[in-house]
Amino acid sequence: MPDRSAVKGVLRTQHIETPSWAFGNSGTRFKVFAQEGIPRDAFEKIDDAATVHRFTGVAPSVAVHIPWDAVSDYAELAQHAKNAGVTIGAVNPNVFQDDDYRLGSLCNPDPAVRRKAVGHFLECIDIMDVTGSRDLSVWLADGLNYPGQDSISARQERLEESLRVVYDRLGEQQRMLLEYKFFEPAFYATDVPDWGTSYAHCLELGPKAQVLVDTGHHAPGTNIEFIVALLRRKGRLGGFHFNSRFYADDDLMVGAADPYQLFRIMSEIVFGGGLDPNSGVAFMLDQCHNIEPKIPALIRSVMNVQEATAKALLVDTDALRTAQQAGDVLDANAVLVDAFATDVRPLLAELREDMGLDPDPIAAYHRSGHAAKIRAERVGGAAAGWGA
Ligand code: PSV
Ligand code: MN
Ligand code: MN
């Protein structure tokens with residue numbers, strides 16, 4: 001059985017990045033429900049990310065989305081983050097909310113639009129230089145609504161050319177994480193719909209291009225842990241956007257819909273050495289909290305990832321290997337199920353106490369009075385960027 005203190009040691013080093021956009025008001029195309037105490041700008045979003053880190057101890061960075069988090073001075077934003085106890089993580093360019101992008105961004109048939117989109121990516125790399133961010137998270141809304149609307153292969157060629165320009169601008173320590181999504185907003189064909197397309201582009205580009213797996217971006221029944229194991233083996237798993245889905249890109253709290261799936265994903269990460277801080281696997285949340293309060297939802301989400309990770313670390317790999325080699329299907333499966341069925345909450349409470357934190361971060365947050373404080377201080381919070 002894995003050693004308890006070794007498991008705690010690994011859990012201490014796992015970092016889970018929060019997304020700035022999860023702190024803003026969000027909703028569906030039907031309604032954005034405004035909440036009180038919502039951050040009014042990028043600085044206050046960073047403050048909220050720092051609050052999540054203060055209560056969990058394992059969320060020391062926050063991803064930004066440009067231009068949702070645009071500021072006049074990124075050095076100031078980075079310094080603000082540092083003062084608050086966090087760093088700025090992945091930079092997410094936005095090439096999906098401008099009229100020019102009606103027919104796509106990097107794949108658009110119009111070279112002028114492609115140049116504009118590439119220019120935005122390059123600006124984002126300039127921002128990374130200033131903030132010290134390692135990862136450029138690339139998600140494209142590019143695609144087709146109707147067969148025949150454009151040439152699928154010409155669009156792949158444009159994509160390849162555009163990504164090449166962006167890739168070549170990356171610094172030594174910087175990476176491009178290429179996210180895929182099987183549908184939406186395009187309904188017939190998406191230009192980066194799956195891990196295979198992303199992987200093919202990453203291989204073409206070079207080692208600094210890695211695949212980003214957003215858990216919400218798969219068709220029902222997709223075996224995500226298989227994709228994770230494969231990409232990890234090939235050294236191309238750049239990281240995750242964690243969230244939960246019931247139907248489509250629901251962006252619900254990670255681990256809420258299917259904690260067993262999250263455990264299976266984290267098990268493949270553990271088996272593949274992906275928890276090693278040098279593995280390059282980034283654990284990021286990408287969620288929208290439409291009806292629940294943002295900060296407690298993010299604290300809960302961080303805890304859900306930790307719980308799945310703790311269970312994955314508790315898998316008795318010796319017993320698993322023995323059962324696998326003996327061809328004992330039931331025993332092998334039971335080893336995994338036993339780890340999943342373990343209540344890891346006492347272990348995590350102990351870990352938090354070791355780290356000088358409250359063992360129950362949600363209760364501690366509620367007791368802290370922080371929610372009332374931001375409700376009183378902040379009036380007119382910003383929308384997350386979606387459907388506002
Ligand atoms: C798209 O659905 C996505 O998952 C991409 O990561 C975007 O950058 C993010 O959502 C924005 O919310
Ligand atoms: Mn995502
Ligand atoms: Mn998404």
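Where is Pro67 found? Select Pro67 in this predicted model: the residue is found in the loop between strand E2 (61-66) and H3. Display the backbone from Ile66 to Pro67 as well, since the peptide bond joining them is cis, with omega near 15°.

**Helices H3 and H4**

From that loop, proceed to helix H3 (residues 74-84) and add helix H4 (residues 111-131) to the selection. The two axes come within 8 Å and cross at roughly 45°. An angle of this kind is neither under 35 degrees nor in the range 65 to 115, and H3 and H4 are therefore oblique to each other. The handedness of the H3 and H4 crossing is right-handed. To view the contact, show Tyr74, Ala75, Leu77 and Ala78 on H3, which meet Ile127, Val130 and Thr131 on H4. By class, the contact of H3 with H4 comprises six nonpolar residues, one polar residue and no charged residue.

**The annotated span**

Next, select residues 72-250, the range that an unreviewed UniProt entry annotates as "domain: Xylose isomerase-like TIM barrel". Within this selection, 40% is helix and 18% is strand. A distance drawn between the end C-alpha atoms of residues 72-250 reads 33 Å.

**Helices H5 and H6**

Now restrict the view to helix H5 (residues 152-169) and helix H6 (residues 195-205). Their axes approach within 10 Å, with a crossing angle of roughly 50°. H5 and H6 are therefore oblique to each other, and H5 passes H6 in a right-handed crossing. On the H5 side, the contact is made by Leu159, Glu160, Leu163, Arg164 and Tyr167; on the H6 side, by His201, Glu204 and Leu205. Coloured by class, the contact of H5 with H6 shows four nonpolar, one polar and three charged residues.

**The loop between E6 and E7**

Which backbone feature should be inspected at Glu184? Although Glu184 is not a glycine, it has a positive phi of about 75°. Glu184 is found in the loop between E6 and E7. Extend the selection to Pro185: the peptide bond from Glu184 to Pro185 is cis, with omega near 10°. Pro185 is placed in the loop between strand E6 (175-179) and strand E7 (189-190).

**The surroundings of ligand 1**

Centre the view on ligand 1 and display the side chains of its shell. Which residues surround ligand 1? They are Trp21, Asn92, Trp139, Glu179, Lys181, Asp214, His241, Asp249 and Asp286. Sorted by class, the shell around ligand 1 has five charged, two polar and two nonpolar residues. Among the charged residues of this shell are Glu179, Lys181 and Asp214.

**Helices H9 and H13**

For the final stop, select helix H9 (residues 294-313) together with helix H13 (residues 361-368). The axes of H9 and H13 come within 9 Å and cross at roughly 160°. How are H9 and H13 oriented to each other, roughly parallel or roughly antiparallel? Because angles over 145 degrees count as roughly antiparallel, H9 and H13 are roughly antiparallel to each other. H9 passes H13 in a right-handed crossing. Show Ile295, Pro296, Ile299, Arg300 and Met303 from H9, which meet Pro361, Ile362 and Tyr365 from H13. The contact of H9 with H13 holds seven nonpolar residues, no polar residue and one charged residue. That charged residue is Arg300 of H9.

Notes
Residues numbered from 1 in each chain as written. Chains lettered and ligands numbered in written order. Predicted model: local features only at pLDDT ≥ 70, side-chain atom pairs only at ≥ 80, totals over all residues. Near = placed C-beta within 6 Å. Axes fitted to C-alpha atoms, helices over the stretch in contact; angles between N-to-C directions. Helix = DSSP H or I, 4+ residues; strand = E, 2+ residues; numbered from the N terminus. Left-handed = near helix turned anticlockwise from the far one by under 90°. Contact = placed C-beta atoms within 7 Å. UniProt positions renumbered as here; feature names shortened; annotations may be inferred.
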